[in-house]
Amino acid sequence: MRQTIGRWLVPVIGGLAFLFLLVPIAYVFAFSFNDAGRTNLSWRGFTLENWQNPCGAPAVCQALGNSLQIGATATLLATILGTAIAIGLVRYRFRFNATANMLIFLPLATPEVVLGASLLAQFLNLGADLGMGTIIIAHTMFCISFVVVTVKARVASLDPKLEEAAADLYASPMQAFWRVTFPLLLPGIVAAALLAFAMSFDDFIITNFNSGNVDTFPKFIYVAATRGIPAQANVIGSAMFIVALLVVIGGQVLANRRAKLLAAR
């Protein structure tokens, strides 16, 4: 009897927890079809107009465009710098290696309000104009840590003998990196880039401190919440969720296909 209860208890609790996590997403998706009018706080009827005109709410698409531009730029910079740092920390030993590892983890452990306020003070001391540039710098700074942690685990799992074998076959260090090391690191780099983009696109606290008059999508949602988030924001949120879901499913399909090809060999 106890074994039967224990066998069913964990799946039931796990399913309820998973359902609890999906309730807000289901709410956002459902209210993207709401005939809201000025506010989107209560259900007033089904309509497809919001999906047909996702830019119907004032400034929503401009805020989305700013978030996408900031996220793409910060992700590119953080991925390049973070990958280089991760390789350096794993493959090379230097005097302050342990200190550098600790400093990399500090942004992950520091509250965002502290990071945001500190960066704002730094920008003001330097006389920088708050805007797109300061947001990109701030996002790149805290995204680097996520990239380093993710790529570092991938680098640590690689066998250095593979690069030594490439050198034995007269490959230059650059050829060995691009033909051997980089392809093996690529899954970790892609995962780190996706994580960095998600963190950048989603960030509100650090952005709010350092954005000046520039609106991002999270800032737009925060301001719009005082008068009822427009249904078009729900449309964009639902679309982003669907895109992320397709990316995850596509990655799993490609990974399974690659595993089958390797097993067939």
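Two residues are in contact when heavy atoms lie within 4.5 Å. In this predicted model, 71% of the contacts in the protein chain with a separation of 6 or more are accounted for by residues 24 or more positions apart.

The secondary structure consists of 11 helices and 0 strands. Followed along the sequence, the pattern is therefore a run of helices, α-α-α-α-α-α-α-α-α-α-α. Along the principal axes, the C-alpha atoms of the protein chain fill a box of roughly 70 × 65 × 40 Å. The chain has 265 residues, and 32% of them count as buried. Its accessible surface comes to about 16,700 Å², and carbon and sulfur atoms hold 69% of that area. As for charge, there are 17 positive and 11 negative charges in the protein chain, and the mean positions of the two sets are 11 Å apart.

Part of the surface forms a nonpolar patch, made up of F18, L22, I25, F29, F241, I242, L245, L246, I249 and V253. Together these residues have about 850 Å² of accessible area. Two elements give two or more residues to the patch, namely α1 (2-31) and α11 (231-264). The most comes from α11, with 6 residues. A general point about helices helps in reading the numbering of such a patch: an α-helix has 3.6 residues a turn, so residues three or four places apart point the same way.

One member of the patch, L245, has its place in helix α11. Why does L245 count as partly exposed? Its relative accessible area is 41%, and the partly exposed class covers values between the under 20% of buried residues and the over 50% of exposed ones. L245 also meets the patch requirement, because that calls for over 30% relative accessible area.

Helix α11 has a part in the surroundings of another helix as well. Helix α10 spans residues 217-224, and its buried residues are F217, P218, K219, F220 and A224. The cover over these buried residues includes α3 (60-91), α8 (173-202), α9 (205-210) and α11.

Helix α8, one of the elements in that cover, contains L186. Is L186 buried, partly exposed or exposed? L186 is partly exposed, because its relative accessible area of 36% falls between the cut-offs of 20% and 50%. L186 and V151 are 35 residues apart along the chain, and their C-alpha atoms are separated by 9.1 Å.

Methods:
Residues are numbered from 1 along each chain as its sequence is written. This is a predicted model: local features need pLDDT of at least 70, side-chain atom pairs count only at pLDDT 80 or more; totals for chains, interfaces and linings use all residues. Side-chain values use heavy atoms; hydrogens and water are left out. Patches are made of residues with over 30% relative accessible area and no salt bridge: like charges are joined within 9 Å, nonpolar side chains (Val, Leu, Ile, Met, Phe, Trp, Tyr) within 5 Å. Accessible areas come from the Shrake-Rupley method with a 1.4 Å probe; for residues, only the protein chains shown count as cover. A salt bridge is a side-chain nitrogen of Lys or Arg within 4 Å of a carboxyl oxygen of Asp or Glu. Helices (H or I, at least four residues) and strands (E, at least two) are DSSP runs, numbered from the N terminus. Buried means under 20% relative accessible area, exposed over 50%, partly exposed in between (1.4 Å probe, protein chains only). Lys and Arg count as positive and Asp and Glu as negative; His and the chain ends are not counted. The place of a charge is taken as NZ of Lys, CZ of Arg, CG of Asp or CD of Glu.
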